[in-house]
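I wanted to look up two things in this model, its aromatic pairs and the burial of one helix, and I kept these entries as I went.

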Amino acid sequence: MESLELPLTTDRLRLRSYRETDAEAHLPIYSREDVSRFLLQDPWTAKVAETEIAKRLTRTGLETESRTLALVIETADGLYSLEGSRVIGDIALWLEDGSDEKAEIGWILDPAASGHGFATEAAIAVLNVAFDHYGLHRVFAQMDSRNTASAKLARRIGMREEAHLRKDWWSKGEWTDTLIFGMLASDRQTA
């Protein structure tokens with residue numbers, strides 16, 4: 001598998017590898033109760049942000065030991081913020097255990113940046129990398145069924161809802177439902 005050249009750029013975004021300094025930029029996003037509600041972790045503290053960002057520094061591609069591509073979503077200079085580029089979230093793609101042809105995708109976007117199509121643009125860019133660069137057969141996304149924004153995004157980017165698992169995941173003191181969306185490489189050719 002060939003190394004991926006980073007950053008990825010779209011019309012309005014730059015998707016880049018993590019830096020140590022990203023803990024400060026991600027803390028205001030991940031510390032929000034409305035963001036962490038559907039995640040496996042509680043809202044981040046400054047200490048947790050440093051630890052989590054440190055883990056992501058080596059996740060630079062599916063061909064690496066981490067088998068993960070974790071990218072910061074940053075707006076292009078001046079597009080969303082008068083101060084220049086701004087971190088608005090992150091997106092990741094990781095190979096399923098034991099497979100070089102199937103991967104899971106996941107995303108987090110600052111609610112303040114929603115409604116502008118940024119998440120759609122970032123997710124499509126990563127799906128293009130998954131299928132065109134890495135030659136994957138299948139990409140899937142799993143989410144808490146109450147996370148309607150993520151489900152809408154999955155549908156918007158062409159993923160198909162494949163399953164609704166009832167009360168299958170114990171999270172934060174309650175049983176929750178899981179939605180599973182999937183896309184095959186062949187789906188893109190017929191869409």
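My notes on the aromatic pairs come first, and those on the helix follow.

I note that this is a predicted model, in which local features need pLDDT of at least 70 and side-chain atom pairs count only at pLDDT 80 or more, while totals for chains, interfaces and linings use all residues. Residues are numbered from 1 along each chain as its sequence is written, and side-chain values use heavy atoms, with hydrogens and water left out.

I searched the whole structure for aromatic pairs and found 2 (rings of Phe, Tyr and Trp, the last by its six-membered ring, with centres within 6.5 Å; planes under 30 degrees apart are stacked, over 60 edge-to-face, the rest tilted). The ring centres of Tyr 30 and Trp 44 are 3.9 Å apart with planes at 10°, so I entered this pair as stacked. Both Tyr 30 and Trp 44 are buried (under 20% relative accessible area, with exposed over 50% and partly exposed in between, for a 1.4 Å probe and protein chains only). For Trp 170 and Trp 175 I read centres 5.4 Å apart and planes at 70°, so that pair is edge-to-face; Trp 175 is partly exposed, at 46% relative accessible area.

I then turned to helix 5 (residues 148–156), where Ser 150, Ala 151, Leu 153 and Ala 154 are buried (helices are DSSP runs of H or I, at least four residues, and strands runs of E, at least two, numbered from the N terminus). These four cover an arc of only 160° around the axis, which puts them on the same side of helix 5 (the arc is that of the directions from the helix axis to the C-beta atoms). On the face turned away from that buried side I found the exposed residues Ala 149, Lys 152 and Arg 156. Helix 5 is followed by Gly 158, whose phi is positive, near 95°.
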